[in-house]
Amino acid sequence: MKLKIKLIGIFLIVIGLSACNSKEKKPEQQKEVLVAQASITKETEEKKKVWIDADLAVGMKNIDRPGYSDVDDGYAVLQLLNADNVEIVGMSTVFGNTSIDNAFKIGNKINADFISQDIPVFKGAGSPIDLKNVQTNDAVEGLAAALKKKRMIILAIGPATNIGLLLLKYPELKSQIIEVVLVAGRRTSKDYFNIGTKGIQARDLNFDLDNAGFQILLDAQVPVVLCPFEISSKVWIEQKDLNTLKTMGPAMSWLATASQPWLEQWKKQGAKGFNPFDAMASHYIIAPQDIVSEPLLARLELHVDDTVKENDKQVFKQYLLCDQAKGTPIKYCYDVVPGYHQKLIDSYKKK
């Protein structure tokens, strides 16, 4: 009992001394707290600086086959333009779903018709990186100039050609890249990109068109975020969505109208709508909490080409594989949160 009373007494003395010390340090501690709060507030209020690099093809017919080109790059660009927490520093175009001339034309149309402030648009690579003759272009130089002034996120939703060239020409600027968000990759070579229900398997087009660009990114070990088919295959844009989007201002009316032929192509393949591939990447930048991801390792690996029918080990290609075995650390996005579809549609509402 005496021991218990003695311990209580010691405890009370310690509390008293702590209270005194607290009073003495209170002004200093309050100052530290205010500084910390101010820093957090500044980071919260500061908009994310983003550079867009895209193979814009909205409304364009395919060059080498019947039908229309992808429209999902338009959904990514317009979603970022409508985001309160994003500042688009610049935009560059690259070959991919269409020619570089077409992509540059659409980039300038978006800039002229739908952007309130003037955002520079630069013409980039029209073909894959030639490692025997590495040449710069307007997009690379424009991005380099911007990175010299500020750190940025790069949304690269076409082949990684312009970003690969940047890292080859200006390797010292890689520390200025917060992260590069791309649309590519898969877990295994057997993870097929099935379009609809009639046996059509799509290519991992951004990666397939320029393997070297992605290899350069991995070798440079810049922070990479991949939004592959695995995540976009879980999100659908249907006719009712296009009808809704057409009411959300001139930009979305243009995009939704241009999306109609694209939707019809998918429906002919047995799909209920189309997957907005690139919008997963832009949504990750705007609200990463809506995107489910995990850290994995990425590497290039050679396997039989899965898009060639009756391919008896005759045609091979590189794959961008992501797992826990070996490779360069990346962030791999594979799912969306419950209620995501409405979040996506709401992100296009005119503010």
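pLDDT is the predictor's confidence in each residue, from 0 to 100. This is a predicted model, in which local features need pLDDT of at least 70 and side-chain atom pairs count only at pLDDT 80 or more, while totals for chains, interfaces and linings use all residues. Residues are numbered from 1 along each chain as its sequence is written, and side-chain values use heavy atoms, with hydrogens and water left out. The chain has an average pLDDT of 89. A score of at least 70 is reached by 87% of the residues. Over residues 1-44, pLDDT stays under 50. That segment has zero contacts (heavy atoms within 4.5 Å) beyond four places in sequence. Where pLDDT is low, the predicted coordinates should not be read in detail.

The secondary structure comprises 12 helices and 11 strands. These elements are DSSP runs numbered from the N terminus (helices: H or I, at least four residues; strands: E, at least two). Of the 351 residues in the chain, 48% are buried. Buried means under 20% relative accessible area, exposed over 50%, and partly exposed in between (1.4 Å probe, protein chains only). Among contacts between residues at least 6 apart in sequence, 77% join residues at least 24 apart.

In soluble globular proteins, nonpolar side chains tend to be buried together. A nonpolar core is here a set of buried Ala, Val, Leu, Ile, Met, Phe, Trp, Tyr and Cys residues joined through side-chain atoms within 4.5 Å. The largest such core holds 63 residues, and Tyr75 and Leu155 have the most contacts inside it. Helix α10 (residues 250-268) contributes the largest share of this core, nine residues. A second, separate core has 41 residues, including Val140, Leu209, Leu217 and Ala298. Beyond four places in sequence, Tyr75 touches ten residues listed here in part, among them Leu242, Met252, Phe274 and Tyr348.

Helix α5 (residues 161-169) is mostly covered, with seven of its nine residues buried. The buried residues of α5 are Thr161, Asn162, Ile163, Gly164, Leu165, Leu166 and Leu167. They pack against strands β1 (48-54), β2 (86-93), β4 (152-156) and β5 (177-182). They also pack against helices α4 (138-149) and α7 (211-220). Pro250, by contrast, is exposed, at 56% relative accessibility. Pro250 lies in helix α10. Leaving aside neighbours within four places in sequence, Pro250 is in contact with Phe114 and Lys350. Its C-alpha atom is separated by 8.8 Å from that of Asp113, 137 residues away along the chain.

Side chains of opposite charge can pair when their charged atoms come close. A salt bridge is counted when a side-chain nitrogen of Lys or Arg lies within 4 Å of a carboxyl oxygen of Asp or Glu. The count comes to 17 salt bridges. Lys123 pairs with Asp101, with the closest N and O atoms 2.6 Å apart. This pair links distant parts of the chain, Lys123 in strand β3 (residues 121-123) and Asp101 in helix α3 (residues 100-114), 22 residues apart. Lys123 is partly exposed at 30% relative accessibility, and Asp101 is partly exposed at 46%. A salt bridge also joins Asp305 and Lys317, at 3.9 Å from N to O. Asp305 sits in the loop between β9 (291-304) and β10 (316-323), and Lys317 in strand β10, 12 residues apart. Both Asp305 and Lys317 are buried. They belong to a network of salt bridges with Arg186, Arg203, Asp208 and Asp306. Arg65 and Asp64 form a further salt bridge, with a closest N to O distance of 3.2 Å. Arg65 is partly exposed at 48%, whereas Asp64 is exposed at 68%.

Empty space was examined on a 1 Å grid over the protein atoms alone. A cavity is a set of points where a 1.4 Å probe fits but cannot get out; a pocket is an open set with protein on both sides within 12 Å along at least five of seven lines; lining residues have an atom within 4 Å of a point. Grid points are joined across faces, edges and corners, and a volume is the space filled by probe spheres set on the points. The largest pocket has a volume of about 1100 Å³. It is lined by 38 residues, of which Arg65, Asp70, Ala202, Leu205 and Trp262 lie nearest its centre. One cavity of 30 Å³ or more is found in the whole structure. Helix α7 gives the most to the lining of the largest cavity, three residues.
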